Amino acid sequence: EIIIRSEAEYRSVWENSVNALRLSDRNGIILRANDAFCQLFEVSQSEIVGKLVSDIYFSDTREENFSEYQYKFEHNYLDSNFEKKLVLLNEKNKWVEINKSFIEVQGKQKLLLTVFNEITTRKKAEIELQTALDRNHALLMANPDMMFLFNKNHRIIDYKAESKLYI
């Protein structure tokens, strides 16, 4: 009964997670992926389960992604909590935050659980904000007059002084 309840809890967590989850083995074979993963990568379960982890990416990046996967798996290297721009099979770009964990069940092979969280909207906003800041700074520097840029607390956050001061 405890095992049945534990299995049901695991299945519920897997199926109801809002994060995209993928479980793969040392050979890079996808063993399981949840619905959130399929939605994020715009694929079906039948298109990915039993396939290589690199098969979910656009063909130009597959070999690089697979070599990286194999190296990191063999060397127990987990580069968790990082952001990456992915090119999907349909050539769409998506930004994701990635976290990884090795899963070792006694007497069974080591597996890799990868958790993806889409951050495309946030990354686009960050890029737009940086572009606006760069544009404002360029305008400030292009103006021949002495200028100051203040924040909402009336503190100077940038300035442009004249090259020569005439007294």
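This is a short tour of a predicted model, with a selection to make at each stop.

**Stop 1: helix α5**

Select residues 120-142, which form helix α5. At 1.5 Å a residue, the 23 residues of this helix should span 33 Å, and the end C-alpha atoms are 33 Å apart, so the expected and computed values agree. Now pick out Thr120, Lys123 and Leu140, which are buried residues of α5. To see what the buried residues of α5 pack against, add the strands β3 (82-87), β4 (93-103), β5 (111-118), β6 (147-150) and β7 (156-160).

**Stop 2: a pair inside the helix**

Stay on α5 and show the side chains of Lys123 and Glu126. They form a salt bridge, with the closest N and O atoms 3.3 Å apart. The two residues are 3 apart in helix α5, which means that about one helical turn separates them. An α-helix has 3.6 residues a turn, so residues three or four places apart point the same way. Is Lys123 buried or exposed? Lys123 has 12% relative accessibility and therefore counts as buried. Glu126, with a relative accessible area of 38%, is partly exposed.

**Stop 3: from the helix to strand β3**

Next, select Arg122 and Glu83. These residues also make a salt bridge, and their closest N and O atoms are 2.2 Å apart. Glu83 lies in strand β3 and Arg122 in helix α5, so the pair ties together parts that are 39 residues apart in sequence. Glu83 counts as partly exposed because its relative accessibility is 33%. Arg122, at 36%, counts as partly exposed too.

**Stop 4: the β3-β4 hairpin**

Select β3 and β4 together. The strands run antiparallel and are joined by 6 bridges. Which residue of β4 stands opposite Phe82? It is Ile98. The two strands form a hairpin with 5 residues between them. In the turn, click on Glu91, which has a positive phi of about 70°.

**Stop 5: a buried salt bridge**

Show Asp79 and Lys100. Their side chains meet in a salt bridge, at 3.4 Å from N to O. This pair links distant parts of the chain: Asp79 sits in the loop between α4 (59-74) and β3, whereas Lys100 is in strand β4, 21 residues apart. Both Asp79 and Lys100 are buried. For the wider view, a search of the whole structure finds 12 salt bridges.

**Stop 6: a nonpolar patch**

Switch to a surface view and select Met146, Phe148, Phe150, Ile156 and Tyr159. These residues make a nonpolar surface patch of about 520 Å². Strands β6 and β7 each supply at least two residues of the patch.

Look at two members of the patch in turn. Phe150 is found in strand β6. With 47% relative accessibility, Phe150 counts as partly exposed. Ile156 lies in strand β7. Which residues is Ile156 in contact with, leaving aside its neighbours within four places in sequence? They are Phe148, Leu149 and Phe150.

**Last stop: back to the helix**

Finally, draw a distance between the C-alpha atoms of Ile156 and Leu129. The two residues are 27 apart along the chain, and these atoms are separated by 19 Å.

Note on methods
Residues numbered from 1 in each chain as written. Predicted model: local features only at pLDDT ≥ 70, side-chain atom pairs only at ≥ 80, totals over all residues. Heavy atoms only, no water. Helix = DSSP H or I, 4+ residues; strand = E, 2+ residues; numbered from the N terminus. Expected span 1.5 Å × (residues − 1). Buried < 20%, exposed > 50% of the residue type's maximum accessible area, 1.4 Å probe, protein only. Contact = heavy atoms within 4.5 Å. Patch = residues over 30% accessible without salt bridge, like charges linked within 9 Å, V, L, I, M, F, W, Y side chains within 5 Å. Areas by Shrake-Rupley, 256 points an atom, 1.4 Å probe, with all protein chains shown as cover. Salt bridge = Lys/Arg side-chain N within 4 Å of Asp/Glu carboxyl O. Pairing = 2+ DSSP bridges.
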